[in-house]
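Here is a short report on a ligand site and one residue. Look at the sequence and model first, then read on.

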Amino acid sequence: MFTFGCAYYPDYLSEKSWCRTTSGEVKLVSWRDSIKYNLERMRRCNVATIRMGEFSWSTVEVSRGQLDFSIFEFTLDQAQAQEIDVIFCTPTTTPPKWLIDEMPEILPVTREGKGIPFGSRRHYDVNNEQYRRESKRITSAYANAVGKHPAVVGWQTDNEFGCHNSVFVFTEAARKNFHRWLRAKFQNNIDKLNDDWFGGFWSQRYKSFEQIELPMSSWADQNPHLELDFRRFSNEQYQSFQREQIEIIKAQSPARFITHNLMTLFSDLCPWMAVEDLDKVGFDHYQMDKEPHPTSSFWHFALMRSLKNKPFIVLEQQPVQVNWQSINQRFDYSWLFLWTLQAATLGAESVFYFSWQRFLGGAEQYHDGIISHDVRVAETWQERAMKSMAKLSDELKERFALDVMPTPKRDVVCIYDSESLWSHEITAQSSIYSSRREIDFATRLCNSTGLGLGFSNTISNALQSPESPKLLILPGYAFEITDEEKRAMKDFLASGGKILSVPRTAMKKRNNQMSPFPLSFLDDGELILPDFGALLENEHDTFSDGKHQFEGALWSEKIEIVKNWQVLASFNSGLYKGSPAVLSRELSGGRHIHIATCPPATEWFFSWLLKALDMVPAVSQPSQLQIIPMQHLSDNKERNFLAAINFSNNEINFHLNSNLSSKASGALLWLSATLDEGEKLKLQTLSKGEAITAPARSFTLVELAL
Ligand code: GAL
């Protein structure tokens with residue numbers, strides 16, 4: 001159903017270290033024994049795969065050409081003996097000091113013009129040709145040395161492209177490459193660039209490509225068109241850097257998958273581009289907020305599942321304290337259980353914790369691990385959790401007669417387009433607005449109504465997928481809808497599909513200029529947008545359909561209807577009082593609803609909205625519960641499931657809608673386990689119409705016997 005893994009660092013070991021042996025003694029052992037005992041301990045808590053090597057360059061190559069993989073060779077043999085698989089990494093995220101001494105120009109420069117020194121990580125410039133050569137050389141050395149070992153099942157390229165704000169580098173090499181990239185984009189015609197970049201503004205017309213500077217920090221805002229192109233360019237640089245490694249690994253370590261550990265804490269790196277050449281999507285799931293946020297983790301996992309429309313791996317999951325927040329607070333351990341089950345339900349085939357052991361030294365010595373600093377601890381909380389989750393996985397398999405976790409459904413597809421996110425970031429107009437918050441809204445809408453959520457990078461891809469969604473969401477998708485997309489949207493509506501858009505949609509051109517014909521969704525000239533703008537933090541524009549009143553926030557649009565659209569609700573306060581707040585256009589069986597302000601994520605509004613969209617929720621329940629519809633196909637037999645994850649501290653009762661429960665022919669099965677009850681899983685047969693109880697902080701699986 002799902003397996004476990006962890007990051008493991010034999011390269012951090014000293015000649016001798018304190019260790020708890022398999023028989024429980026605590027003693028000073030050699031690095032070989034330490035590896036052996038640790039792998040045995042991993043096996044006992046169900047670690048199926050380890051990931052290693054990403055920071056190992058200076059251990060393996062102490063000086064140029066002096067390569068020694070013996071510590072890894074030993075670990076691989078031991079892993080094989082324990083039947084633990086290995087994902088090996090290329091080590092390019094941490095070039096060693098001798099290399100920096102040889103080629104100091106490979107160090108990056110920030111937007112502020114500050115040089116990044118040796119001494120941390122990600123200290124390289126992806127544009128630098130010498131570094132490209134070094135990256136190929138060391139990738140080849142690693143692939144050659146360990147790539148055919150039977151324990152090695154896959155590879156990870158580098159580590160977290162873009163982490164620590166490293167996507168954009170401002171070196172001379174970057175500038176030269178950018179010139180080349182711009183020449184190709186504008187067919188060597190500088191006037192085209194001047195036009196595209198609105199060059200007359202603040203006297204920014206160029207005579208040649210060589211004059212162009214990188215968008216470094218300046219008195220006032222930089223040219224937003226240049227910035228958008230620079231972001232596209234920088235992403236392509238990472239893509240080609242990674243492709244060079246992939247080609248080498250494919251040739252020298254055949255039949256292994258290749259992945260990369262993506263992050264979603266920032267949006268600088270386009271995930272669709274980053275995974276294009278990879279076999280599998282890998283993801284590092286960390287939480288940044290003061291409070292963990294199950295809605296964001298939900299859509300981050302759903303996005304990862306969508307990138308290749310295939311299962312993915314969580315290559316790093318915090319287990320659970322981290323070392324990099326302003327206050328590194330402790331977490332309730334049930335988060336580990338809930339995040340793991342949330343990931344598995346949304347398509348993670350494996351969840352790796354970062355990392356095996358809390359480090360005794362180095363910059364991350366306070367980061368959590370599966371096993372403690374204190375070598376005397378016989379069994380940690382995390383080890384117990386992993387054992388109990390493995391039990392849950394076995395139970396699910398057996399009691400529901402499943403071979404794999406059912407697949408999350410895609411009733412709703414939301415557009416996630418990095419260029420659109422960048423466009424809103426570059427010309428933000430509001431420090432509190434973010435289209436990522438609008439994705440949170442879409443997620444909560446789906447979670448609390450039992451709709452399955454997936455993502456797509458383009459409207460055409462969203463609508464072309466074999467199982468066409470019921471609802472397409474444009475969450476502040478910045479750009480003009482192309483003619484081809486308009487046609488696809490109309491066909492979709494004609495077949496009964498629904499579309500939902502929220503503010504800041506269809507307002508800009510791809511070059512980051514404003515569109516002179518905004519809100520041209522399905523046809524031109526239907527809607528006019530005379531005014532729009534940001535709302536202050538506590539400012540709300542209320543809107544009403546005559547019976548119900550709701551609060552809009554963050555952004556509002558003043559829209560005039562020319563034709564085809566009806567008003568479902570109007571603003572009744574604020575600057576746009578009297579103008580449409582919720583607009584609807586019907587086309588054959590379908591309907592497009594546009595909301596002219598960022599809507600509230602309340603149950604009350606969700607049920608109003610679903611009614612307006614003419615969609616029936618699968619469940620009715622308080623929104624703290626995440627309902628995930630799933631499907632399992634085997635031998636052409638379709639089975640339907642609902643997973644319910646309760647993140648709250650209270651038990652929640654919910655009902656399936658009458659439609660589903662009246663179709664239920666007899667039994668619904670449910671299985672629920674909180675971490676503490678790991679050993680006491682419950683299996684119950686429900687009678688028709690009976691409420692389902694999701695205990696506090698639990699996972700429940702219900703089979704719909706339709
Ligand atoms: C990740 C990174 C790991 C480790 C971890 C700590 O971003 O890939 O190497 O630093 O964070 O939370």
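## The ligand shell

The shell around the ligand divides into five nonpolar, two polar and five charged residues. Here Ala, Val, Leu, Ile, Met, Phe, Trp, Tyr, Cys and Pro count as nonpolar, Asp, Glu, Lys and Arg as charged, and the others, Gly among them, as polar. Among the surrounding residues are Phe 55, Arg 121, Met 263, Asp 284, Tyr 286 and Trp 324. A residue is near the ligand if one of its heavy atoms lies within 4 Å of it.

This is a predicted model: local features need pLDDT of at least 70, side-chain atom pairs count only at pLDDT 80 or more, and totals for chains, interfaces and linings use all residues. Residues are numbered from 1 along each chain as its sequence is written, and side-chain values use heavy atoms, with hydrogens and water left out.

## Polar atoms at the ligand

Three side chains place an N or O atom by a ligand oxygen. For His 367 the distance is 2.7 Å. For Glu 316 it is 2.9 Å. For Asn 159 it is 3.1 Å. The protein covers 97% of the 310 Å² of accessible area that the ligand has on its own (Shrake-Rupley method, 1.4 Å probe).

## Thr 264

Thr 264 sits in the loop between strand S8 (261–262) and helix H9 (271–275). Strands are DSSP runs of E, at least two residues; helices are runs of H or I, at least four. Thr 264 is buried, at 6% relative accessible area (buried means under 20%, 1.4 Å probe, protein chains only).

The side chains of Thr 264 and His 300 share a polar contact of 3.1 Å (N or O atoms within 3.5 Å, one able to donate a hydrogen and the other to accept it; residues adjacent in sequence count only if both atoms are side-chain atoms). Leaving out residues up to four places away in sequence, Thr 264 touches Phe 283, His 300, Leu 303, Met 304 and Arg 436 (heavy atoms within 4.5 Å).

Technical notes: Buried means under 20% relative accessible area, exposed over 50%, partly exposed in between (1.4 Å probe, protein chains only).
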